[in-house]
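Grab a pencil and keep the viewer open. Here are some exercises, each with a worked solution.

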There are 2 protein chains.
Amino acid sequence: MIELSKAEFEVMEALWQGHPAKSSEIIERLSDDTQWHDKTIKTLLGRLVKKQAVSFEKQGRLYQYSPTIGRDDYTLKQSKNLIQRFFSGRIAPLVSGFAKTEQLSQQDINELKAVIKEWEDQQGK
Amino acid sequence: MIELSKAEFEVMEALWQGHPAKSSEIIERLSDDTQWHDKTIKTLLGRLVKKQAVSFEKQGRLYQYSPTIGRDDYTLKQSKNLIQRFFSGRIAPLVSGFAKTEQLSQQDINELKAVIKEWEDQQGK
DNA sequence: TCATTTTGACTACAAGTGTAATCTCAGATC
DNA sequence: GATCTGAGATTACACTTGTAGTCAAAATGA
(Lines give C-alpha, C1' and ligand atoms only; values in the text may rest on other atoms or scores of the structure.)
Protein backbone atom coordinates (compact mmCIF):
# COMPACT_ATOMS: atom_id res chain seq x y z
CA MET A 1 0.00 0.00 0.00
CA ILE A 2 1.07 3.54 -0.69
CA GLU A 3 2.29 5.28 2.45
CA LEU A 4 2.09 9.04 2.69
CA SER A 5 4.03 11.24 5.04
CA LYS A 6 2.12 13.94 6.90
CA ALA A 7 3.22 16.68 4.56
CA GLU A 8 2.40 14.56 1.55
CA PHE A 9 -1.04 13.89 2.96
CA GLU A 10 -1.66 17.62 3.23
CA VAL A 11 -0.85 18.01 -0.44
CA MET A 12 -3.21 15.16 -1.25
CA GLU A 13 -5.92 16.95 0.71
CA ALA A 14 -5.52 19.96 -1.51
CA LEU A 15 -5.67 17.77 -4.57
CA TRP A 16 -8.69 15.81 -3.38
CA GLN A 17 -10.48 19.14 -3.07
CA GLY A 18 -10.65 19.24 -6.85
CA HIS A 19 -8.80 17.72 -9.75
CA PRO A 20 -7.17 17.70 -12.14
CA ALA A 21 -5.37 20.74 -10.83
CA LYS A 22 -2.29 22.69 -11.83
CA SER A 23 0.51 23.05 -9.32
CA SER A 24 -0.33 26.73 -9.01
CA GLU A 25 -3.84 25.82 -7.89
CA ILE A 26 -2.55 23.34 -5.36
CA ILE A 27 -0.12 25.90 -4.02
CA GLU A 28 -2.94 28.40 -3.80
CA ARG A 29 -5.18 26.02 -1.87
CA LEU A 30 -2.41 25.12 0.55
CA SER A 31 -1.56 28.74 1.23
CA ASP A 32 -4.63 28.94 3.46
CA ASP A 33 -3.43 26.26 5.84
CA THR A 34 0.33 26.26 5.62
CA GLN A 35 3.30 28.55 5.22
CA TRP A 36 5.00 26.24 2.81
CA HIS A 37 7.24 27.65 0.17
CA ASP A 38 6.02 26.84 -3.32
CA LYS A 39 9.26 24.95 -3.92
CA THR A 40 8.40 22.72 -1.01
CA ILE A 41 5.02 21.91 -2.48
CA LYS A 42 6.58 21.15 -5.85
CA THR A 43 8.97 18.76 -4.14
CA LEU A 44 6.12 17.04 -2.37
CA LEU A 45 4.15 16.78 -5.60
CA GLY A 46 7.17 15.19 -7.24
CA ARG A 47 7.46 12.66 -4.46
CA LEU A 48 3.77 11.86 -4.69
CA VAL A 49 4.12 11.25 -8.41
CA LYS A 50 7.07 9.00 -7.73
CA LYS A 51 5.03 7.09 -5.17
CA GLN A 52 2.24 6.89 -7.74
CA ALA A 53 -0.24 8.51 -5.42
CA VAL A 54 -0.59 11.25 -8.01
CA SER A 55 -0.54 11.18 -11.79
CA PHE A 56 -0.28 14.05 -14.24
CA GLU A 57 -1.01 14.91 -17.81
CA LYS A 58 0.97 17.44 -19.71
CA GLN A 59 -0.99 20.37 -21.00
CA GLY A 60 1.72 21.93 -23.07
CA ARG A 61 4.23 23.20 -20.60
CA LEU A 62 2.00 22.76 -17.58
CA TYR A 63 0.99 19.65 -15.76
CA GLN A 64 -2.50 18.74 -14.64
CA TYR A 65 -2.28 16.63 -11.50
CA SER A 66 -4.78 14.09 -10.27
CA PRO A 67 -4.85 11.73 -7.31
CA THR A 68 -4.67 8.05 -8.14
CA ILE A 69 -5.98 7.00 -4.76
CA GLY A 70 -9.23 7.98 -3.09
CA ARG A 71 -9.33 9.83 0.18
CA ASP A 72 -11.81 7.44 1.78
CA ASP A 73 -9.79 4.49 0.69
CA TYR A 74 -6.59 5.84 2.09
CA THR A 75 -7.92 7.14 5.38
CA LEU A 76 -9.87 3.99 6.06
CA LYS A 77 -6.91 1.75 5.39
CA GLN A 78 -4.72 3.81 7.64
CA SER A 79 -7.39 3.81 10.33
CA LYS A 80 -7.74 0.06 10.20
CA ASN A 81 -4.01 -0.24 10.44
CA LEU A 82 -3.96 1.86 13.57
CA ILE A 83 -6.88 -0.02 15.08
CA GLN A 84 -5.05 -3.24 14.39
CA ARG A 85 -1.84 -2.10 16.01
CA PHE A 86 -3.33 -0.28 18.96
CA PHE A 87 -6.55 -2.12 19.72
CA SER A 88 -6.00 -5.61 18.33
CA GLY A 89 -8.35 -4.84 15.48
CA ARG A 90 -11.35 -3.98 17.63
CA ILE A 91 -12.97 -0.61 17.16
CA ALA A 92 -15.21 -0.49 20.22
CA PRO A 93 -12.39 0.18 22.70
CA LEU A 94 -11.35 3.13 20.60
CA VAL A 95 -14.87 4.53 20.61
CA SER A 96 -15.18 4.06 24.36
CA GLY A 97 -11.88 5.72 25.03
CA PHE A 98 -12.64 8.51 22.64
CA ALA A 99 -16.04 9.19 24.18
CA LYS A 100 -14.52 9.50 27.62
CA THR A 101 -12.89 12.80 26.83
CA GLU A 102 -14.47 13.97 23.58
CA GLN A 103 -17.96 15.23 23.17
CA LEU A 104 -20.14 13.26 20.78
CA SER A 105 -22.82 15.04 18.79
CA GLN A 106 -26.38 13.93 18.22
CA GLN A 107 -25.31 13.20 14.68
CA ASP A 108 -22.53 10.93 15.91
CA ILE A 109 -25.00 9.05 18.06
CA ASN A 110 -27.39 8.66 15.15
CA GLU A 111 -24.64 7.27 12.99
CA LEU A 112 -23.55 4.85 15.67
CA LYS A 113 -27.13 3.69 16.06
CA ALA A 114 -27.35 3.17 12.33
CA VAL A 115 -24.26 0.99 12.44
CA ILE A 116 -25.78 -1.05 15.25
CA LYS A 117 -29.06 -1.41 13.44
CA GLU A 118 -27.31 -2.50 10.30
CA TRP A 119 -25.46 -5.14 12.27
CA GLU A 120 -28.56 -6.39 14.03
CA ASP A 121 -30.56 -6.61 10.84
CA GLN A 122 -27.81 -8.68 9.39
CA GLN A 123 -27.72 -10.97 12.41
CA GLY A 124 -31.44 -11.61 12.16
CA LYS A 125 -30.62 -12.65 8.57
CA MET B 1 3.76 15.01 22.84
CA ILE B 2 6.16 12.13 22.57
CA GLU B 3 6.09 10.56 19.12
CA LEU B 4 7.12 6.95 18.68
CA SER B 5 8.19 5.27 15.48
CA LYS B 6 6.68 1.89 14.68
CA ALA B 7 9.71 -0.02 15.84
CA GLU B 8 9.89 2.05 19.01
CA PHE B 9 6.24 1.33 19.68
CA GLU B 10 6.92 -2.40 19.46
CA VAL B 11 9.59 -2.07 22.10
CA MET B 12 7.17 -0.11 24.27
CA GLU B 13 4.67 -2.92 23.88
CA ALA B 14 7.19 -5.35 25.28
CA LEU B 15 7.89 -3.00 28.15
CA TRP B 16 4.24 -2.35 28.89
CA GLN B 17 3.85 -6.10 29.28
CA GLY B 18 5.71 -5.81 32.56
CA HIS B 19 8.13 -3.42 34.15
CA PRO B 20 10.64 -2.57 35.33
CA ALA B 21 12.43 -4.96 33.02
CA LYS B 22 16.02 -5.61 32.09
CA SER B 23 17.03 -5.29 28.47
CA SER B 24 17.50 -9.03 28.32
CA GLU B 25 13.86 -9.51 29.30
CA ILE B 26 12.69 -7.05 26.70
CA ILE B 27 14.77 -8.76 24.08
CA GLU B 28 13.35 -12.08 25.15
CA ARG B 29 9.78 -10.84 24.90
CA LEU B 30 10.36 -9.36 21.47
CA SER B 31 11.94 -12.51 20.13
CA ASP B 32 8.47 -14.01 19.84
CA ASP B 33 7.22 -11.38 17.43
CA THR B 34 10.28 -10.06 15.64
CA GLN B 35 13.62 -11.13 14.25
CA TRP B 36 15.38 -8.11 15.56
CA HIS B 37 18.99 -8.34 16.50
CA ASP B 38 19.53 -7.60 20.17
CA LYS B 39 21.70 -4.65 19.18
CA THR B 40 18.75 -3.22 17.34
CA ILE B 41 16.59 -3.44 20.41
CA LYS B 42 19.28 -1.81 22.53
CA THR B 43 19.44 1.02 20.06
CA LEU B 44 15.68 1.46 20.17
CA LEU B 45 15.73 1.40 23.97
CA GLY B 46 18.37 4.10 23.92
CA ARG B 47 16.27 6.24 21.63
CA LEU B 48 13.24 5.75 23.82
CA VAL B 49 15.23 6.88 26.84
CA LYS B 50 16.39 9.91 24.91
CA LYS B 51 12.79 10.68 23.97
CA GLN B 52 11.88 10.24 27.62
CA ALA B 53 9.32 7.59 26.83
CA VAL B 54 11.35 5.22 28.96
CA SER B 55 13.32 5.74 32.14
CA PHE B 56 15.79 3.43 33.83
CA GLU B 57 17.40 2.78 37.16
CA LYS B 58 20.82 1.31 37.47
CA GLN B 59 21.02 -1.93 39.34
CA GLY B 60 24.76 -2.22 39.45
CA ARG B 61 25.83 -2.80 35.90
CA LEU B 62 22.35 -3.54 34.63
CA TYR B 63 19.52 -1.18 33.94
CA GLN B 64 15.92 -1.66 34.92
CA TYR B 65 13.74 0.02 32.33
CA SER B 66 10.25 1.39 32.83
CA PRO B 67 7.84 3.21 30.55
CA THR B 68 7.12 6.82 31.49
CA ILE B 69 3.97 6.93 29.41
CA GLY B 70 0.93 4.73 29.62
CA ARG B 71 -0.22 2.61 26.74
CA ASP B 72 -3.80 3.82 26.89
CA ASP B 73 -2.68 7.38 27.06
CA TYR B 74 -0.45 7.06 24.09
CA THR B 75 -2.75 5.05 21.85
CA LEU B 76 -5.71 7.25 22.59
CA LYS B 77 -3.81 10.43 21.85
CA GLN B 78 -2.57 9.01 18.59
CA SER B 79 -6.05 7.84 17.70
CA LYS B 80 -7.53 11.23 18.36
CA ASN B 81 -4.85 12.77 16.28
CA LEU B 82 -5.71 10.51 13.38
CA ILE B 83 -9.43 11.11 13.79
CA GLN B 84 -8.74 14.81 13.75
CA ARG B 85 -6.66 14.69 10.59
CA PHE B 86 -8.75 12.18 8.69
CA PHE B 87 -12.30 12.72 9.88
CA SER B 88 -12.36 16.31 11.12
CA GLY B 89 -12.45 15.09 14.68
CA ARG B 90 -15.59 13.01 14.33
CA ILE B 91 -15.47 9.36 15.22
CA ALA B 92 -18.77 8.19 13.76
CA PRO B 93 -17.60 8.27 10.13
CA LEU B 94 -14.67 6.09 11.09
CA VAL B 95 -16.96 3.57 12.74
CA SER B 96 -19.31 3.53 9.75
CA GLY B 97 -16.48 3.05 7.32
CA PHE B 98 -14.88 0.42 9.46
CA ALA B 99 -18.10 -1.54 9.86
CA LYS B 100 -18.59 -1.64 6.11
CA THR B 101 -15.75 -4.08 5.62
CA GLU B 102 -14.90 -5.41 9.06
CA GLN B 103 -17.00 -7.73 11.09
CA LEU B 104 -18.15 -6.40 14.45
CA SER B 105 -18.63 -8.79 17.35
CA GLN B 106 -21.51 -8.93 19.77
CA GLN B 107 -19.10 -7.52 22.31
CA ASP B 108 -18.34 -4.57 20.07
CA ILE B 109 -22.03 -3.88 19.68
CA ASN B 110 -22.54 -4.05 23.42
CA GLU B 111 -19.75 -1.59 23.99
CA LEU B 112 -21.11 0.78 21.39
CA LYS B 113 -24.52 0.59 23.01
CA ALA B 114 -22.96 1.37 26.36
CA VAL B 115 -21.34 4.46 24.88
CA ILE B 116 -24.68 5.57 23.49
CA LYS B 117 -26.46 4.94 26.76
CA GLU B 118 -23.82 6.88 28.64
CA TRP B 119 -24.29 9.78 26.28
CA GLU B 120 -28.09 9.72 26.49
CA ASP B 121 -28.08 9.55 30.27
CA GLN B 122 -25.90 12.58 30.28
CA GLN B 123 -28.16 14.45 27.88
CA GLY B 124 -31.17 13.78 30.10
CA LYS B 125 -29.07 15.53 32.78
C1' DT C 1 44.56 -13.72 37.39
C1' DC C 2 43.47 -13.75 32.60
C1' DA C 3 40.31 -14.58 28.85
C1' DT C 4 35.60 -14.40 27.71
C1' DT C 5 31.13 -12.75 27.84
C1' DT C 6 27.72 -9.31 28.38
C1' DT C 7 25.90 -4.65 28.85
C1' DG C 8 25.38 -0.20 27.89
C1' DA C 9 27.61 3.72 24.92
C1' DC C 10 28.92 5.23 20.69
C1' DT C 11 29.26 4.90 15.67
C1' DA C 12 27.47 3.64 11.00
C1' DC C 13 24.84 3.99 7.06
C1' DA C 14 21.05 3.98 3.69
C1' DA C 15 16.22 5.41 3.01
C1' DG C 16 12.59 8.60 4.10
C1' DT C 17 11.05 13.33 5.44
C1' DG C 18 10.73 18.40 5.96
C1' DT C 19 12.06 22.21 3.86
C1' DA C 20 13.90 24.46 0.40
C1' DA C 21 17.58 26.44 -3.46
C1' DT C 22 19.50 26.02 -8.05
C1' DC C 23 19.27 24.68 -12.88
C1' DT C 24 17.09 24.48 -17.44
C1' DC C 25 14.12 25.56 -20.80
C1' DA C 26 9.82 27.04 -23.10
C1' DG C 27 6.60 30.69 -23.37
C1' DA C 28 5.52 35.72 -22.43
C1' DT C 29 7.27 40.42 -22.84
C1' DC C 30 9.69 44.35 -24.69
C1' DG D 1 15.19 38.56 -31.48
C1' DA D 2 16.99 39.22 -26.49
C1' DT D 3 15.31 38.88 -22.01
C1' DC D 4 12.68 37.73 -18.26
C1' DT D 5 9.69 34.49 -15.84
C1' DG D 6 7.63 30.67 -14.09
C1' DA D 7 7.23 25.40 -14.36
C1' DG D 8 9.12 21.24 -13.71
C1' DA D 9 13.77 18.63 -12.79
C1' DT D 10 17.58 18.17 -10.05
C1' DT D 11 20.28 18.90 -6.02
C1' DA D 12 20.87 19.98 -0.98
C1' DC D 13 20.98 19.20 3.74
C1' DA D 14 19.77 18.12 8.45
C1' DC D 15 16.92 14.98 11.12
C1' DT D 16 14.50 10.55 11.81
C1' DT D 17 14.15 5.64 11.35
C1' DG D 18 15.43 0.80 10.58
C1' DT D 19 18.91 -2.08 11.35
C1' DA D 20 22.92 -3.14 13.06
C1' DG D 21 28.44 -3.11 14.24
C1' DT D 22 32.29 -1.61 17.34
C1' DC D 23 34.17 -0.19 21.80
C1' DA D 24 35.02 -0.02 26.73
C1' DA D 25 34.24 -1.71 31.16
C1' DA D 26 32.43 -4.88 34.38
C1' DA D 27 31.21 -9.51 35.73
C1' DT D 28 32.12 -14.30 35.21
C1' DG D 29 34.40 -18.58 34.49
C1' DA D 30 38.55 -21.35 34.23
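**Exercise 1: the two copies**

Why can we say that the copies, chain A and chain B, meet through the same surface? Work out also how one copy is laid on the other.

*Solution.* Keep in mind throughout that this is a predicted model.

Step 1. Compare the two interface lists: 97% of the interface residues of chain B are interface residues in chain A as well, so the copies use the same surface to meet.

Step 2. Superpose them. A turn of 180 degrees with a shift of 0.0 Å along the axis lays chain B on chain A, at an RMSD of 0.1 Å. The two copies are thus related as by a two-fold rotation axis.

Step 3. Count what goes into the contact: 28 residues from chain A and 29 residues from chain B. On the chain B side that touches chain A, helix 4 (71-87), helix 5 (92-101) and helix 6 (106-123) each put in at least two residues. Helix 6 of chain B has the largest share, with 10 residues. By class, that side of chain B divides into 15 nonpolar, six polar and eight charged residues.

**Exercise 2: the two DNA strands**

Find which residues come nearest to DNA strand C, and which are the closest to DNA strand D.

*Solution.* Step 1. Start with DNA strand C, which has 23 residues around it; the nearest are S5(A), A7(A), H37(A), T43(A) and S23(B).

Step 2. Go on to DNA strand D. It is surrounded by 22 residues, with S23(A), S5(B), A7(B), H37(B) and T43(B) the closest.

Step 3. Map these surfaces onto elements. For DNA strand C, at least two residues each come from helix 1 (6-16) and helix 3 of chain A, and from helix 2 (23-30), helix 3 and strand 2 (62-67) of chain B. For DNA strand D, the elements supplying at least two residues each are helix 2 (23-30), helix 3 (38-50) and strand 2 (62-67) of chain A, plus helix 1 (6-16) and helix 3 (38-50) of chain B. Helix 3 of chain B gives the most there, four residues.

Step 4. Sort by class. The surface near DNA strand C has five nonpolar, nine polar and nine charged residues; the one near DNA strand D has five nonpolar, nine polar and eight charged.

**Exercise 3: one face of a helix**

Why do the buried residues of helix 2 of chain A line one face of the helix?

*Solution.* Step 1. List the buried residues of helix 2 of chain A: I26(A), I27(A) and L30(A). Looking down the axis of that helix, its buried residues fall within an arc of 100 degrees, so they line one face.

Step 2. Recall the geometry: an α-helix has 3.6 residues a turn, so residues three or four places apart point the same way.

Step 3. Look at the partners. These buried residues pack against helix 1, helix 3 and strand 2 of chain A.

**Exercise 4: a hairpin**

Which residue in strand 2 of chain A is the bridge partner of Q59(A)?

*Solution.* Step 1. Strand 1 (residues 54-59) and strand 2 of chain A run antiparallel and are joined by six bridges. Q59(A) has L62(A) as its bridge partner.

Step 2. Check the turn: the hairpin has two residues between the strands, and G60(A) takes a positive phi near 65 degrees.

**Exercise 5: a residue ahead of helix 1**

Is L4(A) buried or partly exposed?

*Solution.* Step 1. Locate L4(A) in the segment before helix 1 of chain A. L4(A) has 19 C-beta neighbours inside 10 Å, and therefore counts as partly exposed; buried would take 20 or more.

Step 2. Leaving aside neighbours within four places in sequence, L4(A) contacts F9(A), M12(A) and A53(A).

Technical notes. Residues numbered from 1 in each chain as written. Chains lettered and ligands numbered in written order. Predicted model: local features only at pLDDT ≥ 70, side-chain atom pairs only at ≥ 80, totals over all residues. Near = placed C-beta within 6 Å. Nonpolar A, V, L, I, M, F, W, Y, C, P; charged D, E, K, R; others polar. Least-squares fit on C-alpha atoms with pLDDT ≥ 70 in both. Contact = placed C-beta atoms within 7 Å. Buried ≥ 20, exposed ≤ 12 C-beta atoms within 10 Å, placed from the backbone. Arc of directions from axis to C-beta. Pairing = 2+ DSSP bridges.
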